[in-house]
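Biologist: I have the model open on the bench computer and would like to know what stands behind its labels. Can we go through them one by one?

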Amino acid sequence: EISECDWSSDVCSSDLLPTTVLLQFFFYAGLTLIPLALPLAILLASLMTFGDMGEKLELLAMKSAGVSLFRIMRILTLFIAFLSVGAFFFSNNVIPVAQKRMWTLMFSIREKSPELDIPVGEFYSGINNMRLYVRNKNMETSGLEDVMIYDFSKGFENASVTTADTVYVRLTEDKMNLKLTLVNGESFENLDQGEGKMGKGSVPYRRESFARKEVLIDFDANFNLKDESMLSNQHVSKDIVRLTNDIDSINVLRDSLRTRFSNQMVQDKYYARAFEQVDTLNAIKPEVVYNADTLFLESTQGDMVNILRNSKTRIESVASDLQYNRVIIDDADKYYTRHSIEWYRKFTLSFACLIFFFIGAPLGSIIRKGGLGMPVVISVVMFIIYYIIDTMGQKMARQGVLDVWQGMWLSSAILLPIGIFLTYKAARDSAIMNPEAIGILIKRQIERVRSFFKKKRAAHQVKTKD
């Protein structure tokens, strides 16, 4: 029993992935999103809680009884502090394991063989030792039309070529083989097998014409889970201890590479001999000042040509060495940057929980709106701003525009003053988010602008009369 290929979606696939594999993948992917979703959850929860308390005048009653906002927030602040510490340990101990298993599943799913995507007008190399060229796909019959098949299983020199008007591709029930049904075609095969018995001028081959032919090809379409150890050296699968050790090791390596491949060493290597020769001549004939130009001009024409050729060779060698050294140093820098970003991420995401609490709690007490309306809108807007700034900081850190610590702490450095400002305003019962107060402020500014232009107009009229 075999499964057919539906070329209307350009994909020949067998049964779907096992349900357990999909559930595992979504579970580990969900775990990796917890450190990012936790700050948003804290922001929304604090906004809804304090907004609801403000809307029901509970905050007003507590403040009237002499309880300050900081005292109201004390227990929740301690809870959020413990939650931030827990988020750090979660990011340090759970997230590396979850990411390693998630990416292992991702790579295993990507390389799952039943995704047989054969393009039109291009050579397809998804089958081992074979190349397929298809000129057209018939969506109604699920057949490939005007097909050429190159079989390199016996070596490139002994490749066999098969052409067919129509080819139907099927996957066997055990998902271990592909069954190709060829209709109206020819096959050509070299019989020499590289032995060369017939001489250079003649190579025996076999030509076969057929109306229908079936070919069975090894094609493992089962899901095979890869070994997790292939990601053990990646930054996403390391905890804070391993990241620290690897960062220290790569720093030592970077310093040694820069010292070894410095321009001064290259200059000493290739030009020290020439400078020694100039110093020797100046010591023998102090009345004549020798330099590189003098030595070159005193040489014969043949020596000049040789000097120029040697110089060109040395310059090319130096350029090649510099290019090679730059690649090595760039790889070390990228390794250091990735590990440093992951190291700081474990702290910045935990610290963001505290920042968002000190933004959400005072903001909720100021706007005095509970429920899922205004708090959700404000939370989403604030989190989008945080995410944009954090992504921008990470990108600048990867590109070397900012130091890694500056890029990773950029979002916290911008949002922390906002949290302090909102907490200060909420503690003083400021009405900065009151629509009436905002309207009054706007009206005052408009009146100031109008009075300014009136004075300017009156002064201009006085000057005109004079």
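Modeller: What follows is a set of questions about those labels, each answered by setting a value against its cut-off.

Biologist: What kind of model is this, and which elements does the chain contain?

Modeller: This is a predicted model. The chain has 11 helices and seven strands. Of its 466 residues, 33% count as buried. The chain exposes about 29000 Å², and carbon and sulfur atoms supply 58% of that area.

Biologist: Why is the pair Glu 214 and Lys 179 called a salt bridge?

Modeller: The N to O distance between the two side chains is 3.4 Å. The rule asks for a Lys or Arg side-chain nitrogen within 4 Å of a carboxyl oxygen of Asp or Glu, so the pair qualifies. Glu 214 is in strand E7 (residues 205–218) and Lys 179 in strand E6 (residues 177–190), and the pair links distant parts of the chain, 35 residues apart.

Biologist: What makes Glu 214 partly exposed?

Modeller: Glu 214 has a relative accessible area of 47%. Partly exposed covers the range between under 20%, which is buried, and over 50%, which is exposed, so Glu 214 belongs in the middle class. Lys 179, with 25%, is also partly exposed.

Biologist: Which residue does Glu 186 pair with, and how do you know that it is a salt bridge?

Modeller: Glu 186 pairs with Arg 207, and their closest N and O atoms are 2.7 Å apart. The limit is 4 Å, so this pair counts as a salt bridge. Glu 186 in strand E6 and Arg 207 in strand E7 are 21 residues apart, and this pair too links distant parts of the chain.

Biologist: Why do Glu 186 and Arg 207 get their accessibility labels?

Modeller: Glu 186 has a relative accessible area of 22%, which is not under 20%, so it is partly exposed. Arg 207 has 51%, which is over 50%, so it is exposed.

Biologist: How far apart are Arg 345 and Glu 342 along helix H7?

Modeller: Arg 345 and Glu 342 are three residues apart in helix H7 (residues 301–367), about one turn of the helix. They form a salt bridge, with the closest N and O atoms 3.4 Å apart. Glu 342 has 6% relative accessibility, which is under 20%, so it counts as buried. Arg 345, at 26%, counts as partly exposed. By the salt-bridge rule the count comes to eight.

Biologist: Which residues have the most contacts inside the largest nonpolar core?

Modeller: That core has 18 residues, and those with the most contacts inside it include Ile 127, Leu 132, Val 167 and Leu 182. Strands E3 (130–138), E4 (143–151), E5 (160–172), E6 and E7 each supply at least two residues of this core. E5 gives the most, with four residues.

Biologist: What makes up the nonpolar surface patch of about 370 Å²?

Modeller: Ile 75, Leu 78 and Phe 82 make this patch. Leu 78 lies in helix H3 (residues 69–110). Its relative accessible area is 47%, and a patch residue needs over 30%, so Leu 78 meets that part of the rule.

Biologist: Why is Phe 25 called buried?

Modeller: Phe 25 has a relative accessible area of 16%, and buried means under 20%, so the label follows. Phe 25 is in helix H1 (residues 19–55). Not counting residues up to four places away in sequence, Phe 25 touches Met 102, Leu 105 and Met 106.

Biologist: How do you know that Asp 246 and Lys 238 make a polar contact?

Modeller: Their side chains come to 2.5 Å. The limit for a polar contact is 3.5 Å, so the pair is within it. Asp 246 is in helix H4 (residues 240–260). Leaving aside neighbours within four places in sequence, Asp 246 is in contact with Lys 238, Tyr 335 and His 339.

Biologist: Why is the phi of Asp 146 worth a remark?

Modeller: Most residues other than glycine have a negative phi. Asp 146 is not a glycine, yet its phi is positive, about 55°. Asp 146 lies in strand E4. Asn 184, in strand E6, has a positive phi of about 55° and is not a glycine either.

Notes. Residues numbered from 1 in each chain as written. Predicted model: local features only at pLDDT ≥ 70, side-chain atom pairs only at ≥ 80, totals over all residues. Heavy atoms only, no water. Buried < 20%, exposed > 50% of the residue type's maximum accessible area, 1.4 Å probe, protein only. Core = buried A, V, L, I, M, F, W, Y, C linked by side-chain atoms within 4.5 Å. Patch = residues over 30% accessible without salt bridge, like charges linked within 9 Å, V, L, I, M, F, W, Y side chains within 5 Å. Areas by Shrake-Rupley, 256 points an atom, 1.4 Å probe, with all protein chains shown as cover. Contact = heavy atoms within 4.5 Å. Polar contact = N/O pair within 3.5 Å; in protein donor to acceptor, adjacent residues only side chain to side chain.
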